[in-house]
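Dear colleague,

I am passing on the structure we spoke about, and I would be glad if you could look it over alongside the notes that follow.

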Amino acid sequence: MINFTAKELLLSTKDKLRELENKLKLLSDMTCIEHDKNIESVRYVLLPEDSFSSNKPELCLVVKWNDKSLKGMINNILVRMNLHIWGEESGLVLRNNNG
């Protein structure tokens, strides 16, 4: 049996998280949003295990709307009036392998 110190475990976890963050950043850079003027930026996040009663980590897409578009203006007004907590919308990314 191999013994690991707490420092080794934390550093290996930190390296793995940095690697996952770099892959998610690359995925957001590959997402084509140049033709849609309503979207300012897109980023991907991983939902941890057992969130929303799921057994596996899930990939979530977070969209930030452009402040000059109608959707962005409405979101900014809702955030300022404390009717909408977040200024970004998120959704679950699904993969279909049926062809």
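Which side chain does R18 meet in a salt bridge? The partner is D15, with a separation of 3.7 Å from N to O; please keep in mind throughout that this is a predicted model. R18 and D15 are both in helix α1 and stand three residues apart, so that about one helical turn lies between them. Neither end of the pair is buried, because R18 has a relative accessibility of 43% and counts as partly exposed, while D15, at 46%, is partly exposed as well.

Before going further into the pairs, the overall layout may help. The protein chain contains two helices and three strands, and if one follows the sequence they come in the pattern α-β-β-α-β. Of the 99 residues in the protein chain, 15% are buried. The protein chain exposes about 8,700 Å², with carbon and sulfur atoms supplying 58% of that area. As for contacts between residues at least 6 apart in sequence, 41% of them join residues that are at least 24 apart.

To return to the charged pairs, side chains of opposite charge can pair when their charged atoms come close. The count for this structure comes to four salt bridges, and besides the one already described I would point to two others within helix α1. K23 forms a salt bridge with E19, where the closest N and O atoms are 3.5 Å apart. Since K23 and E19 are four residues apart in helix α1, they are separated by about one helical turn. Here the two partners fall into separate classes of accessibility, because K23 has a relative accessible area of 52%, which is over the 50% cut-off for exposed, whereas E19, at 35%, is partly exposed. The side chains of D29 and K25 likewise meet in a salt bridge, at 3.4 Å from N to O, and both residues lie in helix α1, four residues and about one turn of the helix apart.

Turning to the interior, the largest nonpolar core is made of six residues, namely L24, I39, V42, Y44, V63 and W65. Strands β1 (39–47) and β2 (58–65) each supply at least two residues of this core, and β1 gives the most to it, with three residues. L24 deserves a separate look: once its neighbours within four places in sequence are left aside, L24 is in contact with Y44, V45, L46 and L59. Of these partners, Y44 is also listed among the core residues.

Two further places may be worth a look on your screen. The loop between α1 (6–30) and β1 holds C32, which is exposed, with a relative accessible area of 53%. C32 and V42 are 10 residues apart along the chain, and their C-alpha atoms are separated by 9.3 Å; V42 itself belongs to the nonpolar core described above. On the surface, I2, F4 and L9 form a nonpolar patch, the three together having about 340 Å² of accessible area. Within this patch, L9 is placed in helix α1, and L9 counts as partly exposed because its relative accessibility is 46%.

With best regards

Terms used:
Residues numbered from 1 in each chain as written. Predicted model: local features only at pLDDT ≥ 70, side-chain atom pairs only at ≥ 80, totals over all residues. Heavy atoms only, no water. Core = buried A, V, L, I, M, F, W, Y, C linked by side-chain atoms within 4.5 Å. Buried < 20%, exposed > 50% of the residue type's maximum accessible area, 1.4 Å probe, protein only. Contact = heavy atoms within 4.5 Å. Areas by Shrake-Rupley, 256 points an atom, 1.4 Å probe, with all protein chains shown as cover. Patch = residues over 30% accessible without salt bridge, like charges linked within 9 Å, V, L, I, M, F, W, Y side chains within 5 Å.
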